[in-house]
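Let's take a walk through this protein together, one neighbourhood at a time. Please open the sequence and the model side by side before we begin.

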Amino acid sequence: MLQYVRIGLLFMAAGFCAVSSAQERPTEPFDRAILEARAADLARRKHVQRPRPEASDRERLTYDQYRAIRFKRSASIWARENRTFSLDLFYPGFIFDTPVNVNLVVGKTARRVLFTNDVFEYGPEVPVIESRDGLGYSGFRVRAPINKPDYPDEFLVFQGASYFRAVGRDQFYGISARGLAVRTARPEGEEFPAFTDFWIERPARGADRLVIHALLQSRSVVGAYTFTARPGDETLIDVDVTLFPRVDIEAFGIAPLTSMFLFDATNRARFDDYRNAVHDSDGLLILNGRGERLWRPIANPRMLQVSSFLDENLKGFGLLQRKRRFGDFEDAEAQYDRRPSAWVEPKGGWGPGHVELVEIPTDLEINDNIVAYWQPRKSLAAGRPAKFAYQLRFLAEPLDQSLARVVSTRIGQALQSEDQRSFVIDYQAAEPVPPDLRLRISSSAGKVLAPRGQFVPQSGVFRVSFELDPGRAALAELRAEVLSRGKPWGETWLYRWTR
């Protein structure tokens with residue numbers, strides 16, 4: 001079964017100064033052109049997997065032991081230089097046992113940050129760990145004062161393969177992004193490219209953004225990445241990518257997002273749980289090239305599902321968390337109501353292709369089982385560079401209130417027959433509900449029965465409901481539209497029902 005296991009590694013370390021002496025750190029010229037040239041050169045060679053360190057106690061660390069290793073407050077890079085941002089480094093261990101190279105860039109000179117045990121504090125349950133020359137760190141996190149002006153909060157993390165996560169003000173880590181998806185949910189097996197090297201530019205004093213460069217590598221592709229991160233109420237990350245394929249790649253995903261969905265009111269009966277819902281995201285939103293807004297509630301299916309939404313010159317897509325009240329979840333520890341949404345806005349025309357949604361069955365909330373990305377129609381050709389640029393937003397507030405938003409989807413057995421299903425969709429609008437709303441509901445299989453709409457004064461939503469009689473069908477693609485004066489009043493609701 002395909003699964004993405006995510007572990008919350010949210011440490012308590014702050015501050016940060018020098019890591020090793022200048023004499024020990026190798027230096028090299030660096031800029032974006034040099035990075036692209038290096039990536040192009042590597043793509044012409046056979047991929048060499050970076051060797052993991054020799055077996056040691058470090059590789060046998062448990063989750064609790066790994067959490068007990070904390071970066072020292074006094075070791076935080078730039079913390080005493082009034083540069084807005086500071087960096088903490090992560091220890092290589094537990095499931096993060098492949099080291100990466102971290103370099104600091106000043107002007108056009110990069111200097112490697114060499115590994116040392118001295119920048120970590122070890123809890124009493126952690127076994128004695130010997131330092132090894134050449135060992136790198138497993139990643140890093142970035143801090144900035146996004147919640148309080150006098151405290152540097154963690155807002156961005158790069159750790160594990162090509163994964164990274166971010167939060168805005170008053171948010172809690174949830175959804176992850178990746179550099180690239182390759183052959184996700186394909187029979188031949190997924191390939192996971194990894195960021196092997198980072199170059200982080202020293203920000204100017206009082207800077208409001210941080211620039212991070214990365215080299216991505218796998219057996220099929222090499223990539224040069226530049227991330228420009230701006231934290232705040234929402235955290236914005238501008239991403240510039242140049243891919244250098246080693247081989248032809250037909251199945252790949254640009255701007256992949258990875259999240260978790262266990263249950264909500266659509267599948268509540270399958271889970272014996274005190275909480276009302278458990279998920280980092282509850283829907284896929286697409287703003288297609290025609291300007292249509294599509295909302296697809298995500299699911300935890302019993303079998304692997306892959307859905308494609310054809311488009312040309314996509315305007316945006318994202319995995320959103322729309323439930324924002326504590327009572328929606330009743331989870332005081334996980335705080336799912338504070339998990340960010342993630343929204344991708346392409347820069348320039350991305351041409352024809354489709355948004356692909358992968359939904360993977362899971363019974364555990366520690367498994368990331370939802371993946372969404374843009375798949376161009378044109379495949380990557382060996383030896384031909386491909387460029388993509390986009391902005392990634394981690395945010396909590398609605399993206400756009402020009403149309404009514406789907407805020408809830410509920411599914412249950414219909415009263416008339418145990419073979420029929422009842423669907424209830426709630427829309428919330430910024431403006432008063434007009435009196436001329438008209439419904440247009442369709443299904444690819446079976447029959448849609450008793451469609452109706454009504455304003456619910458108790459909650460202020462417009463409720464659309466209908467029954468589905470699937471007949472003998474095992475699958476039905478459903479579509480619901482709410483129109484006013486012949487134009488969309490709300491988002492177009494899509495859903496895949498499976499028996």
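How many bridges join S34 to strand S36, and do the two run parallel or antiparallel? Six bridges join them, and the strands run antiparallel, with S36 covering residues 492–498. Two strands are called paired here if DSSP finds at least two bridges between them. Strands (E, at least two residues) and helices (H or I, at least four residues) are DSSP runs, numbered from the N terminus.

Before going further, a word on the model: it is predicted, so local features need pLDDT of at least 70 and side-chain atom pairs count only at pLDDT 80 or more, while totals for chains, interfaces and linings use all residues. Residues are numbered from 1 along each chain as its sequence is written, and side-chain values use heavy atoms, with hydrogens and water left out.

Back to S34, which spans residues 475–484. Within the pairing with S36, Glu-477 has Arg-496 as its bridge partner. Strand S31 (residues 438–443) is also joined to S34 by six bridges, again in an antiparallel arrangement. There, Ser-443 is partnered with Leu-478. A further antiparallel pairing, of two bridges, connects S34 to strand S35 (residues 487–488), where Ser-484 stands opposite Lys-487. The hairpin of S34 and S35 has two residues between the strands, and Arg-485 takes a positive phi near 55° in it. S34 is mostly covered, since seven of its ten residues are buried. Buried means under 20% relative accessible area, exposed means over 50%, and partly exposed is in between (1.4 Å probe, protein chains only).

Side chains connect S34 and S31 as well. Glu-481 and Arg-440 meet in a salt bridge, at 3.2 Å from N to O. The term stands for a side-chain nitrogen of Lys or Arg within 4 Å of a carboxyl oxygen of Asp or Glu. This pair links distant parts of the chain, with Glu-481 in S34 and Arg-440 in S31, 41 residues apart. Glu-481 counts as buried at 13% relative accessibility, whereas Arg-440 is partly exposed at 41%. Salt bridges that share partners join both residues with Arg-290, Glu-292 and Arg-479 into one network.

How many salt bridges does the model hold by this rule? The count comes to 39. Another one is formed by Arg-275 and Glu-365, whose closest N and O atoms are 2.7 Å apart. Arg-275 sits in the loop between strand S18 (261–263) and strand S19 (278–279), and Glu-365 in the loop between strand S25 (352–359) and strand S26 (367–368), so the pair links distant parts of the chain, 90 residues apart. Arg-275 is buried, with a relative accessible area of 8%, while Glu-365 is partly exposed at 22%.Now move to strands S8 and S9, where Glu-154 forms a salt bridge with Arg-141, the closest N and O atoms being 3.4 Å apart. Glu-154 lies in S9 and Arg-141 in S8 (residues 139–148), so this salt bridge ties together parts that are 13 residues apart in sequence. Glu-154 is buried, with a relative accessible area of 14%, and Arg-141 is buried at 0%.

S9 (residues 151–159) also holds Leu-156, which is buried with a relative accessible area of 1%. Leaving aside neighbours within four places in sequence, Leu-156 is in contact with residues including Phe-140, Val-142, Phe-164, Tyr-173 and Ile-237. Contact here means heavy atoms within 4.5 Å.

Not every buried charge has a partner of this kind. Arg-405, found in strand S29 (residues 405–413), is buried yet has no salt bridge. The nearest side chain of opposite charge, Glu-491, is 6.1 Å away. For this purpose Lys and Arg count as positive and Asp and Glu as negative, while His and the chain ends are not counted.

Finally, look at helix H1 (residues 32–43). Its twelve residues reach 17 Å from the first C-alpha to the last, close to the 16 Å expected at 1.5 Å a residue; the expected span is 1.5 Å times one less than the number of residues. Which residues of H1 are buried? They are Leu-35, Ala-39, Ala-40, Leu-42 and Ala-43. These residues are on the same side of H1 because they cover an arc of only 165° around the axis, taken from the directions from the helix axis to the C-beta atoms. The buried residues of H1 pack against strands S13 (194–201), S14 (210–217), S15 (221–230) and S16 (235–245).
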